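Subject: A structure for you to look at

Hi,

Here is the structure I promised to pass on. Have it open while you read, and I will walk you through what turned up.

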Amino acid sequence: MGEARIRRGGTARLARAAGPRGRNGPGRGKPGKRRSWIGRLLHALPVSEDTLQRIASWAIVGIVLTVIIGIAALLGVPAMAEQKAAEVAANAGFEVQKVEVRGVERMDELPVYNIALGQVDRSMLSLDLPKVRGEMLKLGWVKDARISRRLPDTLVVDIVERDPVAVWQHDGQLHLIDVQGVVLQSVATDAMPDLPLVVGPDANRQTAGLNKLMENAPALKPMLAGATWVGNRRWDLRFQSGETLSLPEGSRASATALVNFARMDGVNRLLGRGIVKFDMRDPDRFVLRLPQDQVGQKPEDKAEAPTTGEEG
């Protein structure tokens, strides 16, 4: 019996020793660690296992939908659907059939109609309004344009026209221009508008400067018949009474000379007395040019100036 107790004791001791080794042994230790790490992670999340499963399911669905949409985009399915919708809208009567043009006073409306009705796709649903506006802004008269739809079949075009301020003569051609020098349309010699004539290469681009120059002598502005841009650096002004005034280079020098000329004209009536040309290019000399039959004769009343000379 003593041996039996020893065996039972030994067996018990072996069982106690084997128990810990069995739990921590190499065969069962690793699964225990994985379960412990995942368990700690799951317990750290403030959601239940059912919620986690639903989230995982929706994530898988989202990934699948993203892949499907990407493939459809590569195959052009959205474009095809949009085109089909435009065709359906056009067949239902939503197609550009009328154009209403507003704000036009001087320009010919026909180019506006041609642009609006000349679009390849005239469906009210898919008409490219920025493209239509861009094409209309290329028209010389159009300073700005606003395009809008009026269902079911009307395109409304609001035009802001440019204001003509002069006629530009260059290379034997006449063109109506605005203050920025933009060419509005050609002008026939027998249909000249009552506007100043600017002459010379790039004279159209100097029109804004000419207007600003004439603001220094408002009394002379209504008398201006035209101006020639000389050497791409200065102006020769022509008045309705037939005289020409040669101004110096530079905006400040030309403005000073024009103000002095306006003052002298107000005192001595220089314009309208048969003098052909006034030359103020030299700030120290005021030169008059008389008609050929009056060369050598002096005008009845001389203009007041630092130095007065005559040019034949």
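Let me begin with a pair of side chains: those of aspartate 144 and arginine 133 are joined by a polar contact of 2.8 Å. Please keep in mind that the model is a predicted one.

Aspartate 144 sits in strand S2, which covers residues 142-150. Is this aspartate buried, partly exposed or exposed? Its relative accessible area is 33%, so aspartate 144 counts as partly exposed. Setting aside residues up to four places away in sequence, aspartate 144 touches Arg133, Leu137, Asp158, Ile159 and Val160. You can also find glutamate 161 from here: 17 residues separate it from aspartate 144 along the chain, and the two C-alpha atoms are 7.2 Å apart.

Now for the wider view. The protein chain has 312 residues, and 31% of them count as buried. Its secondary structure consists of eight helices and 13 strands. Among the contacts with a separation of 6 or more, 45% are between residues 24 or more positions apart. The chain's accessible surface is about 20200 Å², and carbon and sulfur atoms make up 55% of that.

Back to the sheet that holds S2. Three strands form an open sheet in the order S1-S3-S2, and the pairing is mixed. Strand S1 (98-102) and S2 are the edge strands, each pairing on one side only. On average, neighbouring strands of this sheet are turned by 20° against each other, direction ignored.

S1 and strand S3 (residues 154-161) run parallel, and five bridges join them. Two places to look at are valine 99, whose bridge partner in S3 is leucine 155, and glutamate 100, which stands opposite valine 156 in S3. Which side chains of S1 are buried? Val99 and Val101 are, and they point to one face; Lys98, Glu100 and Arg102 point to the other face and are not buried. That fits a general pattern: in a regular strand the side chains alternate between the two faces of the sheet.

Threonine 154 is a good residue to visit in S3. With a relative accessible area of 7%, threonine 154 is buried. Its side chain makes a polar contact with the side chain of aspartate 153, at 3.2 Å. Leaving out neighbours within four places in sequence, threonine 154 is in contact with Lys98, Glu100, Met124, Ser148 and Arg149.

Two helices lie across this sheet. Helix H5 (residues 110-117) crosses S1 and S3, running at about 140° to S1. Helix H6 (residues 129-136) lies across S2 and S3 and runs at about 150° to S2.

In H5, the buried residues are Val112, Ile115 and Ala116. They cover an arc of only 95° around the axis, so they are on the same side of H5. S1, H6 and S3 are among the elements that cover these buried residues.

Between H5 and H6 there is a loop, and glutamine 119 is found in it. Why does glutamine 119 count as buried? Its relative accessibility is 10%, and buried means under 20%, so glutamine 119 falls in that class. The side chain of glutamine 119 reaches the backbone oxygen of isoleucine 115 at 2.9 Å. That side chain also makes a polar contact with the side chain of glutamate 135, at 3.4 Å. Beyond its neighbours within four places in sequence, glutamine 119 is in contact with Leu127, Lys131, Val132 and Glu135.

One more helix is worth a look. In helix H7 (residues 207-214), Thr207, Leu210, Leu213 and Met214 are buried. Seen down the axis of H7, these buried residues fall within an arc of 115°, so they line one face of the helix. The general reason is that an α-helix has 3.6 residues a turn, so residues three or four places apart point the same way. What do the buried residues of H7 pack against? Their partners are strand S4 (164-170), strand S5 (173-178), strand S7 (197-199), strand S8 (224-230), strand S9 (234-239) and helix H8 (251-268).

Happy exploring, and best wishes!

How values were computed. Residues numbered from 1 in each chain as written. Predicted model: local features only at pLDDT ≥ 70, side-chain atom pairs only at ≥ 80, totals over all residues. Heavy atoms only, no water. Helix = DSSP H or I, 4+ residues; strand = E, 2+ residues; numbered from the N terminus. Buried < 20%, exposed > 50% of the residue type's maximum accessible area, 1.4 Å probe, protein only. Contact = heavy atoms within 4.5 Å. Areas by Shrake-Rupley, 256 points an atom, 1.4 Å probe, with all protein chains shown as cover. Polar contact = N/O pair within 3.5 Å; in protein donor to acceptor, adjacent residues only side chain to side chain. Arc of directions from axis to C-beta. Pairing = 2+ DSSP bridges. Axes fitted to C-alpha atoms, helices over the stretch in contact; angles between N-to-C directions.
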